[in-house]
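Dear colleague,

I am handing over the structure we spoke about, with the sequence alongside, and below it I set out what was found. Please keep the model open while you read, since the notes go from element to element.

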Amino acid sequence: MRMMQRRLEPELMNGDKQVQAYAAADFSSGDQATIEAIQRLLSRTSPLPPDPLVVDLGCGPGNITLRLAGLLPKARIIGIDGAESMLAVARERAQQQQLEISFLCQTLQEVLEGPLLGQADLIVSNSLLHHLHQPDLLWMVTRDLAAPGCRSLHRDLRRPASDAEIQQLLLKHLPSAPEVLQHDFAASLAAALEPQEVFAELHRLDLHQLTVSAEDDRYLVVSGLVKS
Ligand SMILES: C[S@@+](CC[C@H](N)C(=O)[O-])C[C@H]1O[C@@H](n2cnc3c(N)ncnc32)[C@H](O)[C@@H]1O
């Protein structure tokens with residue numbers, strides 16, 4: 001079947017209204033699915049070091065970062081996002097929950113030139129890949145941040161084969177949501193990657209231990225060891 005062309009979205013989410021709407025939305029079931037996928041990855045790989053460095057890329061308001069702090073209380077956790085207004089929400093939430101998390105305002109492009117290279121034991125992202133205009137940047141950052149033994153999990157939407165399929169997913173999952181949310185969901189699906197596109201990039205970058213799998217009717221998950 002012919003693939004539908006990707007339609008890009010803006011990368012950073014830094015408009016005040018957009019940040020408020022995102023922070024107020026309930027993504028708890030998707031967030032929980034990502035945390036459970038991380039737990040499964042951790043249970044099938046060797047134990048993490050006693051004080052692992054964990055990096056959440058494109059952390060937004062900290063949905064996953066805060067949960068990671070609960071899951072791995074001994075870890076040093078860093079959330080990174082290019083949008084300062086998202087990080088302001090994340091910092092406030094961490095403070096309210098008395099969690100020690102560092103939040104860095106950096107784009108993925110900047111992370112590639114920063115001080116964390118070769119340091120991370122676990123690298124995750126949730127709902128980031130579909131924003132990236134140059135998606136292989138996520139795999140380059142993952143590769144370059146990884147310490148030996150590092151593992152990684154990235155979960156996001158995957159692109160349907162057609163606009164008709166996007167409409168079917170909308171009807172199935174958001175039949176009575178406000179129009180703005182339906183519009184955002186459709187735009188994100190159209191901006192997402194297909195598993196075979198991700199697979200080709202991982203292969204090109206020699207990240208052969210990361211696997212790509214399709215999850216239910218709209219997600220893809222990339223997970224595994226980054227570096228032995
Ligand atoms: C849909 S939100 C996901 C937020 C969070 N990970 C979650 O699960 O709720 C995507 C986030 O990625 C950030 N982002 C997009 N492109 C980026 C880039 N090139 N560098 C850093 N952050 C980026 C956006 O600013 C936004 O906060």
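**Strand S1 and the sheet around it**

All 5 of the 5 residues of strand S1 are buried, so this strand is largely enclosed by the rest of the structure. Please bear in mind throughout that this is a predicted model. From S1, the residues Leu53, Val55 and Leu57 point one way while Val54 and Asp56 point the other way, and all of them are buried. In a regular strand, the side chains alternate between the two faces of the sheet.

S1 pairs with S2 in the parallel sense over 5 bridges, and within that pairing Val55 stands opposite Ile78 in S2, whereas Leu57 stands opposite Ile80 in S2. The partner strand is also largely enclosed by the rest of the structure, because 5 of the 6 residues of S2 are buried.

Both strands belong to an open sheet of 7 strands with mixed pairing, in the order S3-S2-S1-S4-S5-S7-S6. Strand S3 (101–105) and strand S6 (210–215) stand at the edges with a single partner strand each, so one side of each is left without a neighbour in the sheet. Averaged over this sheet, and with direction ignored, neighbouring strands are turned by 15° against each other. At the S6 edge, 6 bridges join S6 to strand S7 (residues 219–225), the two running antiparallel, and Leu210 stands opposite Gly224 in S7.

**Helices on the sheet, and the cores**

Helix H6 (residues 136–145) lies across strand S1 (53–57), strand S4 (120–126), strand S5 (146–157) and S7, and runs at about 155° to S5. Helix H9 (residues 195–204), for its part, lies across S6 and S7, running at about 175° to S6.

The largest nonpolar core has 30 residues, of which Leu57, Leu108, Leu129, Leu138, Trp139, Leu145 and Val198 touch the most other members. Two or more residues of this core come from each of S1, strand S2 (76–81), helix H5 (108–111), S4, H6, S5, H9 and S7, and the largest share, 6 residues, comes from H6. Leaving aside neighbours within four places in sequence, Leu129 is in contact with Arg6, Pro135, Leu138, Trp139, Asp156, Leu193, Val198 and Leu220. Apart from this core lies another, of 23 residues, among them Leu41, Ile64, Ala75 and Ile101.

**The pair H1 and H4**

Which residues make the contact between H1 and H4? The axes of helix H1 (residues 16–24) and helix H4 (residues 84–96) come within 9 Å and cross at roughly 40°, and the crossing is right-handed. The contact is made by Asp16, Val19, Tyr22 and Ala23 of H1 together with Ser85, Met86, Val89 and Arg93 of H4. By class, this contact has 5 nonpolar, 1 polar and 2 charged residues.

**A loop residue**

Gln134 has its place in the loop between S4 and H6, and with a relative accessible area of 39% Gln134 is partly exposed. Not counting residues up to four places away in sequence, Gln134 touches Glu11 and Met140. Although Gln134 and Glu11 are 123 residues apart along the chain, their C-alpha atoms are separated by 9.8 Å.

With best wishes

Note on methods: Residues numbered from 1 in each chain as written. Predicted model: local features only at pLDDT ≥ 70, side-chain atom pairs only at ≥ 80, totals over all residues. Heavy atoms only, no water. Pairing = 2+ DSSP bridges. Helix = DSSP H or I, 4+ residues; strand = E, 2+ residues; numbered from the N terminus. Axes fitted to C-alpha atoms, helices over the stretch in contact; angles between N-to-C directions. Contact = heavy atoms within 4.5 Å. Core = buried A, V, L, I, M, F, W, Y, C linked by side-chain atoms within 4.5 Å. Buried < 20%, exposed > 50% of the residue type's maximum accessible area, 1.4 Å probe, protein only. Left-handed = near helix turned anticlockwise from the far one by under 90°. Nonpolar A, V, L, I, M, F, W, Y, C, P; charged D, E, K, R; others polar.
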